[in-house]
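User: Please take a close look at one helix in this model, and then set it beside a few other local features. I would like to know which way its residues face and what they pack against.

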Amino acid sequence: MARLFKKTYPKTHVVKGPDGKAVMVRNTKGRLEPKREPVLDADGQPVMATARRWSIEYTGADGRPKRKVAYTDRRASEKLLSDLGVKAERVRAGVRDQTTEQLVGPIKEHAAAYKAHQEAQGFTANHVKESLARISQVIGACKFTRLADVESGPVEAFLVGIQQDRRDKSGKVTKAGVANRTRNTYLISLRAFINWAVDTKRMGYSPLDSIALLSEEVDQRRERRAATADELVRLVTAARRRPLTVAKALVKHRGHMLTDEGRQRLGLERALIYKTLALTGVRVGELRESTWGDFDLKAGWLNVPARTAKNDQAADVPLGDALVADLKGWSQEQGRPGPDARVFAIPADLCRVLKKDLAFAGIPYKTRDGYFDVHSLRHTTGTALANAAGIPGKVAQKFMRHKTRRLTEDTYVDKRLVDLRRALPALPDVPIPHLDGPDVEALRATGTDGRTAQKLPPGRPETLPAGSLRGGLRGVNLRRKGASSGPDRSIDEKPTDAKQAGNTSVNGCGDKHLAPRGRAEVLSGQGANSTDPDEIRTRVAGVKSRCPGPLDDGADRSIRDVTPDQNGEAADPSEAGRTAQQFPEV
C-alpha cells in the first residue's frame, strides 16, 4: 500500500471581539491563543482547503502503515515514497537496517528514547534531567528537527555563541559568557546522545567527532578555595546555632511547622553534613544518596556504591573516631532507622543554605583566592591530606578516589594553604667556615717549601724566571692522559726499534691526533735539576715528531724546531707559546 495525496482541512478565521481585537482562549495545554472558527459557505458548510505539501503513505518495516509529509514538488515526493517503500521491504527481508528511516523521524522522539535509556542504565534523576536539558537547548538553538539535520557547523556556532558576553546597547555586559568547562558539558551531553543513536543504528556515523573539547585549565572562571581548620570549626558551629538564632524567620521546614526541638535537630543535621563532607571527601550527591546500610560504624567505614559514585566504581572511605561517634549519636536521634533509610535529608539548594551559614559565621563566600561553595569542602579534604606529615601522594589519591595523582595535587590541593616549611628539615646543613689570619697566610702559600706562588708572565717560555718550576726540568713527556702503561721516555731519548719509534712522540703520539690538552711529567735524568734557560732550550731543541692534531689546519707537518736562531730568539714564537700552554699551572 503506497499512495501520494494532499491533505484537506477546513478553513478557519480568527474570532474578533467588539473592540476589534482577537478573542483569546486557553488551549489544552493551558496556553492562551486566538480563538478560531471554521469559515462557512452560503449553505452553512465549512469551506475546505488543500495543503500545499504532498503527503505519502506506505507500509513500514514493521508492517504497519506509515504517513509522512513530503515536499511541495510532486516528483520529489514520488521519489521519496518509492525510496521509503523499497527500504522498508529490504528491512523486512533482512537486507538493510533501519538507519535511513530513523534519520527522517522527529528528533524529539529519539530524545525521549534516549531518556528512557539513561534511566534504564541507572543514572540519577538529576543527571538525566540536566543532560536532556542541555540536549534540548542545543537542538532548539540549532533548529534540528531530525537526526539527519544534525551537523557540526551549527553546533560549533552554538558553542561559540554561549561563550560570548551579552551586551546591551550601551556596551555594558549584561551576561558573561560561559567558561570552557560549561561549554564542554554541552558538547559531551550532545555527543553522548549522538553516539547512542549510532550504536542503536539510528545514525550511520557521528558528525560531532570533529569538534574537540577545550582545555578547562586555561579558562577557569570559578576558582575554589579550601577552608582552614579555624574556618571549618566556625562553619560547623554556625550551622549548629543558626536555626535557633533565626527562629522567628525559620518557621516552616519541608512543609512542617518547626519547634525549638526541630530547629536544634535541623542545626545538628546541617553541621554533621558539613563535617562529613570535609572529613571524608565524598561528593554531596554521593552523600545525599547514602543510606545507613552504606555506613559500617563498628569498623569505621563508608561504602560508596557504584550506583551513586561519579566514576561508577564502588569504593570504601575510612571514618575517623570522632566522626563515627557523631554519626552514632545522629542514628539515635533518628530512632535507629533501618539500613535502607537515608542518612541525611540534604536539600537541593544546599549551596544557598551554605551561603547563609557562611555569612552567620563571618566567613566570606568569595575572596581573591576563590569561592567557598559546597564542593570546596572536598578541596578542604585534599588540602588537609597534602599538609599531613608522612602521607604519600598515592594514598591521598586513593582517599580522594581520583584516577590520577595529578588531579589530586593540582586541582584539589589549595596551594595557598600548603605548609612549605615542612620541607625545610629535608634540606642539608651547609656550614661556611671562618678564616682567621694564619689560615689566610697558609692558603696563600703553595708547594712544600712555603714560597708564594708566582704567576707565569706572558711571552715565551724562555722568559720564565729561574726556579719558577720547582725541581727544574728533567725531561718532558707530553703524553695523553690515560695512555698505556710502560716505561716513561724522555723526548731526548731515541727509540731502539721501529715499534718504539711509533710510540715515542709529543703527548704520546703513537696516536694519529695530538690531544688538545697534554700532561707534562718531570722525569729523572741528566740535568734534571737545571734551571738555566739556555740548557732548557738545548734539551728541547731537535724535537721532531709528525703528529698532526685537531688544532692543525689539516696539513701533515712537523712541530717546528724551537732551537734559537742567530739572535737568540725562538724560530717560531707561536709554536713555542703553544707548547708552553701544555705545562700545568703551578
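Analyst: Contact here means heavy atoms within 4.5 Å. With that cut-off, in this predicted model, the buried residues of α13 pack against four elements, namely α8 (260-280), β16 (315-318), α12 (376-387) and α14 (405-411). The helix itself spans residues 393-400, and its buried residues are Gly 393, Ala 396, Gln 397, Phe 399 and Met 400. Viewed down the axis of α13, these buried residues fall within an arc of 160 degrees, so they line one face of the helix. An α-helix has 3.6 residues a turn, so residues three or four places apart point the same way. Turned away from the buried side of α13 is a face that carries the exposed residues Lys 394 and Lys 398. Just after the helix, Arg 401 takes a positive phi of about 60 degrees.

A contact between two other helices can be described in a similar way. The axes of α4 (residues 125-142) and α6 (residues 180-199) come within 9 Å and cross at roughly 90 degrees, which makes α4 roughly perpendicular to α6. On the α4 side the contact is made by Ser 131, Arg 134, Ile 135, Gln 137, Val 138 and Ile 139, and on the α6 side by Thr 185, Tyr 186, Ser 189, Leu 190 and Phe 193. By residue type, the contact of α4 with α6 divides into six nonpolar, four polar and one charged. Ser 189, which is found in helix α6, counts as buried because its relative accessibility is 7%, and buried means under 20%. Leaving aside residues up to four places away in sequence, Ser 189 touches Ser 131, Arg 134 and Ile 135.

Two further places concern a strand pair and a loop. Strands β8 (residues 55-59) and β9 (residues 65-69) pair in the antiparallel sense over five bridges, with Ser 55 standing opposite Val 69 in β9. The hairpin formed by β8 and β9 has five residues between the strands, and Gly 63 in the turn has a positive phi of about 85 degrees. Gly 338, in turn, has its place in the loop between α10 (321-333) and α11 (350-361), and this glycine is partly exposed, with a relative accessible area of 38%. Although Gly 338 and Trp 292 are 46 residues apart in sequence, they are 6.9 Å apart in space, C-alpha to C-alpha.

Technical notes. Residues numbered from 1 in each chain as written. Predicted model: local features only at pLDDT ≥ 70, side-chain atom pairs only at ≥ 80, totals over all residues. Heavy atoms only, no water. Axes fitted to C-alpha atoms, helices over the stretch in contact; angles between N-to-C directions. Parallel < 35°, antiparallel > 145°, perpendicular 65-115°, else oblique. Nonpolar A, V, L, I, M, F, W, Y, C, P; charged D, E, K, R; others polar. Pairing = 2+ DSSP bridges. Buried < 20%, exposed > 50% of the residue type's maximum accessible area, 1.4 Å probe, protein only. Arc of directions from axis to C-beta.
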